[in-house]
Amino acid sequence: TGTAGTGKTSLAACFADSVCARGERCLYLAFEESESQIVRNMRSIGVDLDPWLDKGLLRLHATRATVFGLEMRLVNMNRMVTGFNPSVVIMDPISNLGSVGTATEVKSALTRFVDSLKMKGITALFTHLILGQRQDLTGVGISSLMDTWITVRDIEGSGERNRGLYVIKSRGMAHSNQVREF
């Protein structure tokens, strides 16, 4: 989670890059930016996704959240997972799904998708845009589904703005309680 400009998509793309560098497949579902925008923007921070797209290890599927209803989106996402067989699925950002359903409907659809991914042993990374300083996922209500929750925040001081990474929770493993700058 994080506010606008804190690096959510950058973290997601770095994760996709590392997955593909290990020779694994990654399905990246983008609901805000086009494939070309993501590739261009990530190249500007030193992350080149083109080789993975060319090798077929990365499949970037970009559509606006409003193109389908939630049920049709869920069917399409499950078809893409079955057809591509990724080890990782990224959804960026799930907060855009709120424009096509109520919080209850979005939670239901995401719960079914997360359950499907877990049953297949697929790792998922979801980003979520938060507004202002609200640092929870109650807008979608799925924080209880997530095994690990990381938030990125702006840290301002001494005339500069930096980004900090916080691990809010991580089930089943020890984790740092320190703020990490990135």
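A polar contact is a pair of N or O atoms within 3.5 Å; within protein, one of the two must be able to donate a hydrogen and the other to accept it. In this predicted model, the side chains of Arg43 and Asp50 are joined by such a contact, at 2.5 Å. The points below cover the sheet, the helices that pack on it, and three residues.

**The sheet**
- Four strands form an open sheet in the order S2-S1-S3-S4, and their pairing is parallel.
- Strand S2 (58-62) and strand S4 (123-126) are the edge strands, each pairing on one side only.
- On average, neighbouring strands of this sheet are turned by 15 degrees against each other, direction ignored.
- Five bridges link strand S1 (residues 26-30) with S2, in the parallel sense.
- Ala30 has Ala62, in S2, as its bridge partner.

**Helices on the sheet**
- Helix H1 (residues 8-21) lies across S1, S2, strand S3 (88-92) and S4.
- The direction of H1 is at about 160 degrees to S1.
- Helix H4 also packs on the sheet, where it touches S1, S2 and S3.
- The direction of H4 makes about 160 degrees with that of S1.

**Arg43**
- Arg43 is located in helix H2 (residues 35-43).
- The relative accessible area of Arg43 is 41%, so this residue is partly exposed; the range for that class runs from 20% to 50%.
- Apart from neighbours within four places in sequence, Arg43 is in contact with Asp48 and Asp50.
- With Asp50, the side chain of Arg43 makes the polar contact of 2.5 Å named at the start.

**Arg73**
- Arg73 belongs to helix H4 (residues 70-84).
- Arg73 is buried yet has no salt bridge.
- Glu71 is the nearest side chain of opposite charge, and it is 11 Å away from Arg73.
- A salt bridge needs a side-chain nitrogen of Lys or Arg within 4 Å of a carboxyl oxygen of Asp or Glu, so Glu71 at 11 Å does not provide one for Arg73.
- The side chain of Arg73 does reach the backbone oxygen of Arg64, at 2.8 Å.

**Leu110**
- Leu110 sits in helix H5 (residues 103-119).
- Leu110 counts as buried because its relative accessible area is 2%, and buried means under 20%.
- Leu110 and Met72 are 38 residues apart along the chain, and their C-alpha atoms are separated by 13 Å.

Methods. Residues are numbered from 1 along each chain as its sequence is written. This is a predicted model: local features need pLDDT of at least 70, side-chain atom pairs count only at pLDDT 80 or more; totals for chains, interfaces and linings use all residues. Side-chain values use heavy atoms; hydrogens and water are left out. Helices (H or I, at least four residues) and strands (E, at least two) are DSSP runs, numbered from the N terminus. Buried means under 20% relative accessible area, exposed over 50%, partly exposed in between (1.4 Å probe, protein chains only). Lys and Arg count as positive and Asp and Glu as negative; His and the chain ends are not counted. Two strands pair if DSSP finds at least two bridges between them. Axes are lines fitted to C-alpha atoms, for helices over the stretch in contact, and angles run from 0 to 180 degrees between N-to-C directions. Contact means heavy atoms within 4.5 Å.
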